[in-house]
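Me: Please take a close look at a single part of this model, the pocket and the aromatic rings. I would like one connected account.

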Amino acid sequence: MESKDYLKDLSEIKDLMNKSSRFISLSGLSGILAGTYALIGAAIAYWLVTNYSYGTLILDGKIFRLVMLDLCLVAFLSIITGIILTTRKAKKNNTKMWDATSKRLVINFLIPLVAGGLYILIILSNGKYGQTGSLMLIFYGLALVNASKYSIGDIRYLGYIEIILGLIATLFPGYGFWLWVLGFGVMHIVYGTWMHFKYDK
């Protein structure tokens, strides 16, 4: 009996340590919605390019600016939705939304993401945009892997998938758009659904 109590105590201590060192309030539903926003944004971008830009983008063109605005709106909606749903989940679990762990999570997520974003802007300013989609996938994947040690560890698997899709897009630049749709749209929905039923439920 004492042995069982000892093992139970160890299990509880391990669980408390895990919760204190990892931010576990990320919402699976936010991943589903982020993927949905990405698919809608991709559909709008595809429609703009095929109907008004003859299938090509010019960096200083109106359609390119509209596509960039579309991309920014997708990112903005994803971030706002993630914050709202994660805050709601944190309150439900009676945990803090903003503490030392969540700060480390955000910092480790932003370092590769901001570096990648700046690099993409630099090459765009030089008129090179053929690898933009693949670079977005790779740096986003690196950001997920880097932040996973401060959150639910399963996030790193999504990061690995994004990196692999980015590398494939580098090898086959003609399919970069569709691989972007697969990575940011479909995979977010699949992963968010899995996270929702594994953790949120």
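Reply: What follows goes through the pocket, then one helix that lines it, then the aromatic pairs.

The model is predicted. Its largest pocket has a volume of about 1600 Å³. The lining comprises 50 residues, and those closest to the centre of the pocket are S78, I79, F109, L113 and Y140. Six helices each supply at least two lining residues: α2 (28-52), α3 (62-92), α4 (100-125), α5, α6 (155-171) and α7 (176-200). The greatest contribution is that of α4, with 13 residues. Sorted by class, the lining holds 35 nonpolar and 15 polar residues, and no charged residues.

Helix α5 covers residues 132-147, which makes 16 residues. From first C-alpha to last, α5 reaches 22 Å, close to the 22 Å expected at 1.5 Å a residue. The helix is mostly covered, with 12 of its 16 residues buried. Among the buried residues of α5 are T132, G133, S134, L135, F139, Y140 and G141. Y140 thus appears in two lists: the buried residues of α5 and the residues closest to the centre of the largest pocket.

Y140 also belongs to an aromatic cluster, together with F109, W180 and F184. F109, like Y140, is listed with the residues closest to the pocket centre.

The count of aromatic pairs comes to 9. One of them joins Y46 and F177: the ring centres are 5.8 Å apart and the planes stand at 25°, so the pair is stacked, the cut-off being under 30 degrees. Y46 is in helix α2 and F177 in helix α7, so this pair ties together parts that are 131 residues apart in sequence. Neither ring residue is buried, because buried means under 20% relative accessible area: Y46 has 41% relative accessibility and counts as partly exposed, and F177 is partly exposed at 31%.

Y157 and Y160 form an edge-to-face pair, with 6.1 Å from centre to centre and 75° between the planes. Both lie in helix α6, 3 residues apart, and are separated by about one helical turn. An α-helix has 3.6 residues a turn, so residues three or four places apart point the same way. Y157 is partly exposed, with a relative accessible area of 40%, and Y160 is also partly exposed, at 38% relative accessibility.

Technical notes:
Residues numbered from 1 in each chain as written. Predicted model: local features only at pLDDT ≥ 70, side-chain atom pairs only at ≥ 80, totals over all residues. Heavy atoms only, no water. Helix = DSSP H or I, 4+ residues; strand = E, 2+ residues; numbered from the N terminus. Expected span 1.5 Å × (residues − 1). Buried < 20%, exposed > 50% of the residue type's maximum accessible area, 1.4 Å probe, protein only. 1 Å grid on protein atoms, 1.4 Å probe; cavity = no way out; pocket = protein on both sides within 12 Å on 5 of 7 lines; lining within 4 Å. Points joined across faces, edges and corners; volume = space filled by probe spheres on them. Nonpolar A, V, L, I, M, F, W, Y, C, P; charged D, E, K, R; others polar. Phe/Tyr/Trp six-rings, centres within 6.5 Å; stacked < 30°, edge-to-face > 60°.
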